[in-house]
Amino acid sequence: MPRRAILTLLLFGLSCPAWAQESAVRTFLRRSIGLTEAQVAEVEAGRAVTRQLPGADKPEMAAFGAVRVSAKKEVYLERLRDVARVRQGPSTLQTGRFRTPPSLEDLAALTLEDGDFAAARDCKPGDCDLKLARTALERIRREMDWKAPDARARATLLMKQMLVEYVAAYQRGGTAEMATYADDATPLDASAEFRKVLGASPYLVQYGPELQRHLEAYPKGSAAGAEDLFYWTKDKFGPKPTIALYHVTIWRDPADPSRAAVASKQIYASHYFQAALDLTALLDAPAGGFYLLDLYRARVDPPTGMLSGVLLGKIRGGIEQGVGESLRTAKARAEAP
């Protein structure tokens, strides 16, 4: 079966009998992802299987995961709204959901790591251990008194204020409002990096044009059947915990209830990540239940120096581990009474 035809069927659930979808899933997992028969059997048995995928260049990383879920798709999609429970896992330290518009209360559970506090204190444009825009760096230098006895509390509050303002700006202006990071000598446009991730996902453009346009054009246009929500996390992907902001779109095809997908767009990360997109397809399985197929693609800061290879390996491993944890958590939540 041609790769494009397999992606058509798998990633956007074209209507067909459940037995045909099962056959296509097995074929895709073996031929396109490279899973062994034993690994395919693990997926069928309800155990999450993951694999790292090659990227187009050094900054790009990708991982794939699959699991079979014994529950109704609508139950899974409904429970996605409870972000705090869905994102629970060994790698997730803290998480919460944003309202529209966002407020400081949405970040009540977020704490600032010692390393991030020290990094903020030492930050300057072109040299910072946090991913921040130039305006944010200048604001920190202008508003913070690092010798004050409550400097830690003030820094945490300022960081939360900037995160809330960032989400609010994104909700008003979408991808164009993503930051241009000034933490390095060469500024990096996060919106341009996201478009690279989107461009590396041609199946999304070809077979889910409504969802693709929604992700790129939000909030100027809304795809029929799309529901948006926003949340934040503090995750332990690498040596430093990372604070990240996400825009999630739950998409159901109004013309075909069997077609459903979930896209999670990373709109900010304090470390490592330049941009990321997590696409999950839901496909009916024979005798009830459904398959979760998760393709995660990200662009990261390539480490330099003697230990760059080791650090890259840890980041790749952390990304693959995150996909596995996400699938196992999703399965457990969907199947719970």
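Modeller: Happy to walk through this one with you; a residue is buried if its relative accessible area is under 20% and exposed if that area is over 50%. Please keep in mind that the model is predicted.

Biologist: Thanks! Which exposed residues sit on the face of H6 turned away from its buried side?
Modeller: Let's find the buried side of helix H6, residues 114-122, before we look across from it. Asp-116, Phe-117, Ala-119 and Ala-120 are buried there, and they span an arc of only 165° around the axis, so they lie on the same side of H6. Turned away from that side is the face with the exposed residues Asp-114 and Asp-122.

Biologist: And what covers the buried residues of H6?
Modeller: One of these residues, Phe-117, also has Arg-152 over the face of its ring, at 5.2 Å from the ring centre. The cover over the buried residues of H6 includes two helices and a strand: H7 (134-143), H8 (151-173) and E7 (242-252).

Biologist: How many of the residues of E7 are buried?
Modeller: Strand E7 has pairing partners worth a look before the count. E6 (residues 226-235) pairs with E7 in the antiparallel sense over ten bridges, and E8 (residues 260-269) is joined to E7, also antiparallel, by nine. E7 is mostly covered, and of its eleven residues the number buried is ten.

Biologist: Which residue in E7 is the bridge partner of Ala-226?
Modeller: The antiparallel sense of the E6 and E7 pairing can be followed residue by residue. Glu-227 has Ile-250 as its bridge partner in E7. For Ala-226, the partner in E7 is Trp-251.

Biologist: Which residue in E6 does Thr-95 stand opposite?
Modeller: Here we move to the pairing of E6 with strand E3 (residues 92-98), which is antiparallel over six bridges. E6 is mostly covered, with seven of its ten residues buried. Across from Thr-95, in E6, stands Thr-233.

Biologist: Which two residues touch the most other members of the largest nonpolar core?
Modeller: As background, nonpolar side chains tend to be buried together in soluble globular proteins. The largest core here has 51 residues, and its largest share, ten residues, comes from H8. The two members that touch the most others are Leu-163 and Leu-245.

Biologist: Apart from close neighbours in sequence, which residues is Leu-163 in contact with?
Modeller: We leave aside neighbours within four places in sequence. One partner on the list, Leu-245, stands opposite Tyr-268 in E8, and Tyr-268 itself forms an aromatic cluster with Tyr-166 and Tyr-181. The full list of contacts for Leu-163 is Leu-107, Leu-110, Ile-243, Leu-245 and Tyr-268.

Biologist: How many aromatic pairs does a search of the whole structure find, and is the pair of Tyr-76 and Phe-290 stacked, edge-to-face or tilted?
Modeller: The search finds nine aromatic pairs. In the pair you name, the ring centres are 5.9 Å apart and the planes meet at 50°. Planes under 30 degrees apart would count as stacked and over 60 as edge-to-face, so the pair of Tyr-76 and Phe-290 is tilted.

Biologist: How many residues apart in sequence are the parts that this pair ties together?
Modeller: Both partners are buried, Tyr-76 with a relative accessible area of 8% and Phe-290 at 0%. Tyr-76 lies in helix H4 (residues 73-79) and Phe-290 in strand E10 (residues 290-300), so the separation in sequence is 214 residues.

Biologist: Is Lys-73 buried or exposed?
Modeller: Lys-73 is found in helix H4. Beyond its neighbours within four places in sequence, Lys-73 is in contact with Pro-257, Ser-258, Leu-282, Asp-284 and Phe-290. Its relative accessibility is 13%, and the cut-off is under 20%, so Lys-73 counts as buried.

Biologist: Last one: at what distance from the ring centre of Phe-194 does Lys-265 lie?
Modeller: Phe-194 is one of the buried residues of helix H9 (residues 190-199), along with Ala-190, Ser-191, Glu-193, Val-197 and Leu-198. They cover an arc of only 160° around the axis, which puts them on the same side of H9. Lys-265 lies over the face of the Phe-194 ring, and its distance from the ring centre is 4.4 Å.

Note on methods: Residues numbered from 1 in each chain as written. Predicted model: local features only at pLDDT ≥ 70, side-chain atom pairs only at ≥ 80, totals over all residues. Heavy atoms only, no water. Buried < 20%, exposed > 50% of the residue type's maximum accessible area, 1.4 Å probe, protein only. Helix = DSSP H or I, 4+ residues; strand = E, 2+ residues; numbered from the N terminus. Arc of directions from axis to C-beta. Contact = heavy atoms within 4.5 Å. Phe/Tyr/Trp six-rings, centres within 6.5 Å; stacked < 30°, edge-to-face > 60°. Lys NZ or Arg CZ within 6 Å of the ring centre and 35° of its normal. Pairing = 2+ DSSP bridges. Core = buried A, V, L, I, M, F, W, Y, C linked by side-chain atoms within 4.5 Å.
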